[in-house]
Amino acid sequence: MPSSTPPSDVDFPSESEDNHDQDGVGLSDPTLSSHRRRMLDLINRLHMTGVQTDMDLPMIAVIGSQSAGKSSLIESISGITLPRSAGTCTRCPTECKLSRSEGPWKCIVKLHITTGPSGQPCDVTNVSFGSPITDKADVEDRIRRAQRAILSPSIDAQKFLYDSDLDDRTAEEAELSFSKNSVSLEISGKDVADLSFVDLPGLIASVGSTGRDGDIDLVKGLVASYIKRDSCVILLTVTCETDFENQGAHHLAKQYDPEGKRTVGVLTKPDRIPAGEENHWLRFIRNEQEPLVNHWYCVKQPGSQMLKTGISWAEARKQENDFFALTQPWSTVEPQYQKFLRTSNLTERLSTILSELIAKRLPEIHKELYNILHKTQEEMRKLPKAPSSDAVGEVWHVVSEFMRQLSRRLEGTPDEGGILQSIRPYQQEFKRAIRATAPPFVPFERGHDRGELPPIDFLANEEDEPQEPKTGSAFGTRKSSTSPNSGNPQSSEIYLTDVLSHAQRSRTRELPDNYPFVVQKSYIDDFTEKWASPSKILFDQVYDILKNNLSGLVHEHFGKMGKGGALHSVLMIVHEHLDKATEKAREKVDWLLELEKAPTTLNVHYYSDYKGKFLAYYKGCRDPGELTKKLQHYKAPVTTSPNGREAFQQAIYKALAGLNEAGISAQAGDLPKLLPVDPMEPALVIMSGVMAYFQVAHKRFSDMVPLAIDHEVILGLEKGMEQALRDGLNLTGPHAEARCRLMVQEHSTVASKRTELQKKLDRLHAASLELRKLFV
């Protein structure tokens with residue numbers, strides 16, 4: 001994970017910032033040496049935890065084009081010999097962790113694995129490759145074998161230690177051309193400098209006959225993955241025997257460090273500079289050409305012939321010192337630039353730069369580590385609960401929690417989005433739809449210029465909301481599609497003449513003033529037949545609400561369990577159980593609809609009361625005078641002075657009072673009954689009886705259907721649900737354990753994510769522990 005610190009904040013100390021001109025810096029100052037060793041040792045331990053895959057840790061990366069003298073420089077710094085055979089040294093990174101110690105010299109070789117065989121990131125591991133080496137002569141062969149193991153990941157790495165058949169395996173026979181996995185060298189001893197760096201494969205210009213397509217970009221990408229990090233010190237090696245501009249490593253370094261703040265330049269092979277061109281390279285040493293904050297250095301390493309003769313590193317350093325002390329123009333370079341010559345000066349400077357960078361980055365490392373750790377813990381918490389070792393107990397626990405929550409929801413919760421709250425608006429709409437099926441009787445002959453019908457005051461308190469009177473509707477729910485005076489009223493309206501004609505057609509052997517009940521029943525059948533549709537709509541709406549709530553509840557409790565098999569199984573079980581409960585409720589509603597096909601009521605008083613009120617209302621509508629209208633607006637007078645309207649009110653008041661004194665209970669609305677007999681009286685009686693029965697029937701039906709659905713579907717859903725889950729999931733019996741294990745088994749992606757996060761947490765905790773050790 002790249003650091004959030006911008007490159008401009010990572011300015012490494014330059015030579016000009018060194019107040020002691022290197023006096024008392026590094027090994028020459030015991031205090032600074034101890035602090036430096038602690039910093040370098042800390043960063044090495046942090047690298048061992050693998051936390052560099054999660055955050056940016058300070059490091060030195062050695063880069064250069066092929067044949068730039070990079071390997072010789074590393075050998076000179078580390079004091080070991082690297083493999084020189086073709087296709088080994090430059091094909092995978094080599095981490096060198098150097099530390100001075102009072103013990104005997106030793107080298108521990110490990111394989112640092114960060115990617116899998118196909119190049120994908122994997123868990124960071126450090127695999128020991130053989131026992132510690134105590135003889136420097138054995139290091140080259142061990143490194144060669146380690147590099148072969150890195151390049152052939154499908155073969156057991158330990159086989160490359162001892163299997164002679166693999167000794168002659170060439171680079172072309174390796175499985176990979178290059179690898180991001182690295183060989184790690186932990187070198188310690190009395191003559192070892194405190195320094196850590198990674199040697200990266202040399203940049204190549206062409207793959208040659210033995211190369212593979214894509215190797216150029218592969219190596220370039222590998223190098224870039226290191227040097228793009230803000231805390232990476234770039235040790236740029238440039239050979240003096242090749243034109244500077246033709247060396248790709250310089251261009252790559254400048255791409256990621258354009259201001260040269262974290263690049264240290266190294267000129268190699270100064271003995272191969274063509275005669276007369278020395279001053280061109282001296283301009284780099286003076287920091288006049290391609291200036292860098294931390295300057296350019298120049299080193300001289302022994303050639304291949306000297307290496308073959310077995311020259312020691314002490315002799316090599318002496319020869320290097322003699323070269324710069326005796327060879328022109330290096331021997332006459334100004335004193336202030338002499339400190340930029342020789343490997344020892346470079347090594348000392350690199351050690352100082354890295355240790356100071358580590359010290360500077362420590363607060364940021366602490367902060368980044370804490371932030372990454374916190375974020376990783378949050379990601380881990382978002383994952384489903386890890387499977388329990390007691391699979392049966394875990395499944396039973398989830399089922400019990402599901403049933404507890406289901407029971408609570410079906411019983412009713414006070415929250416706005418509860419099941420009952422969601423259903424109630426549809427129940428009210430159902431009630432309105434049933435009430436809207438009232439027969440649209442019009443108490444006038446067809447074609448009569450009736451105008452607006454007065455409101456039915458005695459029904460006002462039965463509406464959910466105030467209703468405005470509408471022409472041609474007893475309930476104020478229908479309106480003529482044309483003008484009342486147009487003579488073309490809406491065809492659905494039932495006029496008084498239509499009722500009378502129907503009654504006369506239906507007479508059989510009745511007396512002239514009697515009409516068969518079949519007339520009323522036909523009108524009753526008309527509105528009861530319309531009740532099936534609203535009932536089905538309510539049924540479907542309740543079913544959808546319950547199904548959605550059930551699905552949400554199942555997802556809430558079983559959605560994160562296992563690979564999803566439990567979720568799908570439970571969904572099928574609960575939906576099947578819902579369907580069964582729904583079928584029972586549907587039977588009950590059908591039964592209620594069947595009951596309404598036989599009109600009857602035991603609530604005689606209720607029926608009779610409404611029939612009388614409707615008859616009075618219809619008669620009042622047909623009163624040609626103003627009596628009915630006055631009676632409808634009648635109010636008991638507040639004064640006894642008989643004048644104008646108050647005189648009428650007083651007269652009515654006296655009439656009602658007289659009737660009451662005579663023992664006849666009456667109200668103003670009953671007075672229209674005293675009007676002369678209407679020739680359409682039989683039709684009015686039929687209409688009043690039908691409307692009175694409608695009041696009885698629609699109220700009970702509006703109650704019973706929602707109650708039946710509530711009892712059989714909503715409350716009834718819980719009945720037998722737990723048993724259905726127990727049987728459907730097979731939670732009992734001899735194979736219950738195996739079935740439950742399958743149900744709680746995590747999906748491979750979740751398990752992989754959990755493992756990945758856990759290993760990341762382990763790395764971060766290990767790194768945090770190492771940081772705490774620094775202050776103990």
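A residue is called buried here when its relative accessible area is under 20%, exposed when that area is over 50%, and partly exposed in between, with a 1.4 Å probe and protein chains only. By that rule T343, at 3% relative accessibility, counts as buried. The structure is a predicted model, in which local features need pLDDT of at least 70 and side-chain atom pairs count only at pLDDT 80 or more, while totals for chains, interfaces and linings use all residues. Residues are numbered from 1 along each chain as its sequence is written, and side-chain values use heavy atoms, with hydrogens and water left out.

The protein chain has 24 helices and 11 strands; these are DSSP runs numbered from the N terminus, helices being H or I of at least four residues and strands E of at least two. Of the 776 residues in the chain, 49% are buried. Contact means heavy atoms within 4.5 Å, and among contacts between residues at least 6 apart in sequence, 77% join residues at least 24 apart.

Much of the description can start from an open sheet of 9 strands, whose order is 4-3-5-2-6-1-7-8-9 and whose pairing is mixed. Two strands pair if DSSP finds at least two bridges between them. The edges are formed by strand 4 (121-128) and strand 9 (296-298), each of which pairs on one side only. From one strand to the next the twist averages 20°; axes are lines fitted to C-alpha atoms, for helices over the stretch in contact, and angles run from 0 to 180 degrees between N-to-C directions.

Strand 1 (residues 59-64) and strand 6 (residues 195-199) run parallel and are joined by 2 bridges, and the bridge partner of A61 in strand 6 is V198. Strand 3 and strand 4, by contrast, run antiparallel and are joined by 5 bridges, with I113 partnered by T125 in strand 4. The hairpin of these two strands has 5 residues between them, and there G119 takes a positive phi near 95°.

Helices also pack against this sheet. Helix 7 (residues 278-285) lies across strand 7 (232-239), strand 8 (263-268) and strand 9, and runs at about 130° to strand 9.

Two single residues show how distant parts of the chain are brought into contact. S231 lies in the loop between helix 5 (215-227) and strand 7, and it is buried, with a relative accessible area of 1%. Leaving aside neighbours within four places in sequence, S231 is in contact with D56, L57, P58, M59, L357 and R361. The C-alpha atoms of S231 and I358 are separated by 8.8 Å, although the two residues are 127 apart along the chain. T343 lies in helix 11 (residues 343-382), and its contacts, with the same neighbours within four places left aside, are S76, I77, V299, Q301 and E320.

Farther along the sequence, helix 13 (residues 419-435) and helix 16 (residues 532-558) pack at an angle of about 175°, with their axes 10 Å apart. The two helices are therefore roughly antiparallel to each other, since angles over 145 degrees count as roughly antiparallel, those under 35 as roughly parallel, 65 to 115 as roughly perpendicular and the rest as oblique. On the helix 13 side the contact includes I419, Y426 and F430, and on the helix 16 side it includes P534, L538 and I545.
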